[in-house]
Amino acid sequence: MSAIDPAGPEEAVAASAARNRNWGRWGDDDVLGTLNFIDDAKRAHAARLVRRGAAFSLSQRFDMNGPQKGWRRRTNPVHTMLDTGVDAALGNQGFPHGIGGADDVIAMPLQCSTQWDGLGHIFDHGRAWNGRPAEKVVTSEGDQVTGIETAAAAITGRGVLLDVGRALGTDGELPDGFAITTEHLAATIARQGGTARVGRGDIVCVRTGQLTRARRDGWGDYAGGAAPGLSFTTADWLHDTEIAAVATDTWGFEVRPNEFDHAFQPLHQVAIPNIGLFIGEMWDLDALAADCASDGVYEFQLVAAPLPITGAVGSPVNPIALK
């Protein structure tokens, strides 16, 4: 699909979903979707990419200074101390021989900062991944089939950074509303060279530079507002390249405002329930991008395991890139 009719989201989503649907590809009982593209050989290959031992955390901080503003009841994490050094010093903890300690608790929506969207996160006309009825998958007790815990050991492999912000933007940043097309992705890969090739089983990280801007100018509408991101027209590329997962430094992965007159996250509607693609959002790719630009190597081992929260449709994550 090379062009978009802004007035036709229903038709465009239906056509793209039909072209790119992976239902049944890995059997009727599948719960991993495109993560099936990461096999033992690909994990072993990824481990051999570590040459220097350099490590980069791709996570934002989980604290009250995050971007959330309450949309869909999403708030920033609330961190509370249960025991402190004050309690220990005052002898309030009741432990013997002078030992003391600190404990804490955190309350947070699972998708308030750096995170994965699981396969139970989005439905298409009442259907979840692999064609299952949404009401039989996610209930008040959580995702009964594709809960994020099913992917606990699966998301580690070859990571590839596509720094579109640095390749095509101004001072490393794309403007809000910039729709990244397949042609833009190809141009970025060509500019970055052979280590940026993308293929089966890869975990692709797309940097737009929006997080860089938000850190400089303030969060503003970072959580839910206008943003650069992937064009709806990249659905075929996401499917045909057979990547395992994709992550961006933006709140919503796809361009916002969306490219149709009246739509909400149409690329999610194709990618998650139809392609079976795991999507990462709000990843911090800046330090990794600076290193890749310095040494010209855009591939790395990526370890990005979700927390195995039973029945969750998403999970916080601290992705680690190793070069």
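The legends below describe three close-up views of a predicted model. Local features need pLDDT of at least 70 and side-chain atom pairs count only at pLDDT 80 or more, while totals for chains, interfaces and linings use all residues. Residues are numbered from 1 along each chain as its sequence is written, and side-chain values use heavy atoms, with hydrogens and water left out.

**View 1. Surroundings of Arg-74, in the loop between β1 (55-57) and β2 (78-83).** Strands (E, at least two residues) are DSSP runs, numbered from the N terminus. Arg-74 is buried and has no salt bridge. Buried means under 20% relative accessible area (1.4 Å probe, protein chains only); a salt bridge is a side-chain nitrogen of Lys or Arg within 4 Å of a carboxyl oxygen of Asp or Glu. The nearest side chain of opposite charge, Glu-281, is 5.6 Å away from Arg-74. Contacts of Arg-74 (heavy atoms within 4.5 Å), leaving aside neighbours within four places in sequence, include His-121 and Trp-251.

**View 2. Cys-205 and Cys-292, in a structure with zero disulfides.** A disulfide is a pair of cysteine sulfur atoms within 2.5 Å. The closest cysteine sulfur to that of Cys-205 belongs to Cys-292, at 9.3 Å, which is too far for a bond. Cys-205 is buried at 0% relative accessibility, and Cys-292 is buried with a relative accessible area of 0%.

**View 3. Strand β7 (residues 156-163) and its pairing with β13 and β9.** Eight of the eight residues of β7 are buried. Strands pair if DSSP finds at least two bridges between them. β7 pairs with β13 (residues 299-303) in the antiparallel sense over five bridges; Val-160 has Glu-299 as its bridge partner in β13. With β9 (residues 203-207), β7 pairs in the parallel sense over five bridges, and the bridge partner of Gly-159 in β9 is Ile-203.

Notes:
Helix = DSSP H or I, 4+ residues; strand = E, 2+ residues; numbered from the N terminus. Buried < 20%, exposed > 50% of the residue type's maximum accessible area, 1.4 Å probe, protein only. Lys, Arg positive; Asp, Glu negative; His and termini not counted.
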